[in-house]
Amino acid sequence: KNKPYAIFVSNFLEKQTSKFYPFKKRYIINNFLDSKFENVKRVYVREPIITWSVKREKGLNELIDWWIKSILPNKPEAKLYIFGINKNNYKKLKKFNIYYFGNVKKSTLIKYYKISTAMICLGYDETFCLNAIESMSCGQPVLSFKKTALNNLVKNNINGFKVNNFKDLSDKILLLLNIKSSKRKILINKTQNYSKKYYFKNVITKWEKIIQ
């Protein structure tokens, strides 16, 4: 009735929202990073750790299956760190270098993101995915399917890679775990530089223009 202005956090969300809503005007302003994730010190020597911090389990069982049958046999020292999901019921997976941490503080996430090789965020139901941006701010490229908001967020060989299926995902994980240090450094730099557009100072100006 009042025809309000509408703010969307991503192009994906705006397109998914019916045009029948009588908004006066639609704007897209992305979410911004917590200041803790700004100017994170760059670490170029990475450990063979892959992280998962989505608090939903869709796709996780398939990832674990591929981890056990494909990734671990080719890279026995590789570790999968899973954040945000109850850790009490998964002790039996430690023998496969799969570790559950449950919910942790952002400082803990940063601690591990800075030394890890890549993050997996499949993107089944993301309207923006701040987790992915947080990962990028620590130099972690993101591996994702070509779905939802992550399809626009992830740029191949810049801040991550878009994969087609779990076999493709498994192959890309192995590629990143074995990448040359010179190429890893370039990818880390590109990934962290990309995240800067989501710093608070760069997003707040868009809000200021609308409010004014």
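This is a friendly dialogue on how to read the sheet, a helix and the cavities of a predicted model.

Reader: Let's start with the sheet. How many strands does the open sheet have, and in what order do they lie?

Author: Here is the general idea: strands of a sheet pair through backbone hydrogen bonds, either parallel or antiparallel. In this model, the open sheet has six strands in the order 5-4-3-6-7-8, and the pairing is parallel. Strand 5 and strand 8 (160–163) are the edge strands, each pairing on one side only. On average, neighbouring strands of this sheet are turned by 25 degrees against each other, direction ignored.

Reader: Which residues stand opposite each other in these pairs?

Author: Let's take two pairs in turn. Strand 3 and strand 4 run parallel and share four bridges; here tryptophan 52 faces isoleucine 82 of strand 4. Strand 4 is also joined to strand 5 by four bridges, again in the parallel sense. In that pair, phenylalanine 83 stands opposite glycine 102 of strand 5.

Reader: Which side chains of strand 5 are buried, and which are not?

Author: Follow the alternation along the strand. Ile98, Tyr100 and Gly102 point to one face and are buried, while Tyr99 and Phe101 point to the other face and are not.

Reader: Now a helix, please. Which residues of helix 3 are buried?

Author: The general idea first: an α-helix has 3.6 residues a turn, so residues three or four places apart point the same way. In helix 3 (residues 106–113), the buried residues are Leu109, Ile110, Tyr112 and Tyr113.

Reader: What covers the buried residues of helix 3?

Author: The cover includes strand 3 (49–52), strand 4 (79–83), strand 5 (98–102) and strand 6 (118–120), along with helix 4 (130–137). You have already met these four strands in the order of the sheet.

Reader: How many cavities of 30 Å³ or more does the structure hold?

Author: There are two. The largest cavity has a volume of about 80 Å³. Its lining includes Trp52, the residue you saw opposite isoleucine 82. Among the other lining residues are Val54, Arg56, Leu122, Tyr124 and Glu126. By class, the lining of the largest cavity has four nonpolar, one polar and four charged residues.

Reader: And what lines the second largest cavity?

Author: That cavity holds about 40 Å³ of space. Arg46, Ser116, Thr117, Gly139, Pro141, Leu176, Arg184, Leu187 and Ile188 form its lining. Helix 7 (residues 181–195) gives the largest share, three residues. The lining of the second largest cavity divides into four nonpolar, three polar and two charged residues.

Key: Residues numbered from 1 in each chain as written. Predicted model: local features only at pLDDT ≥ 70, side-chain atom pairs only at ≥ 80, totals over all residues. Heavy atoms only, no water. 1 Å grid on protein atoms, 1.4 Å probe; cavity = no way out; pocket = protein on both sides within 12 Å on 5 of 7 lines; lining within 4 Å. Points joined across faces, edges and corners; volume = space filled by probe spheres on them. Nonpolar A, V, L, I, M, F, W, Y, C, P; charged D, E, K, R; others polar. Helix = DSSP H or I, 4+ residues; strand = E, 2+ residues; numbered from the N terminus. Buried < 20%, exposed > 50% of the residue type's maximum accessible area, 1.4 Å probe, protein only. Contact = heavy atoms within 4.5 Å. Pairing = 2+ DSSP bridges. Axes fitted to C-alpha atoms, helices over the stretch in contact; angles between N-to-C directions.
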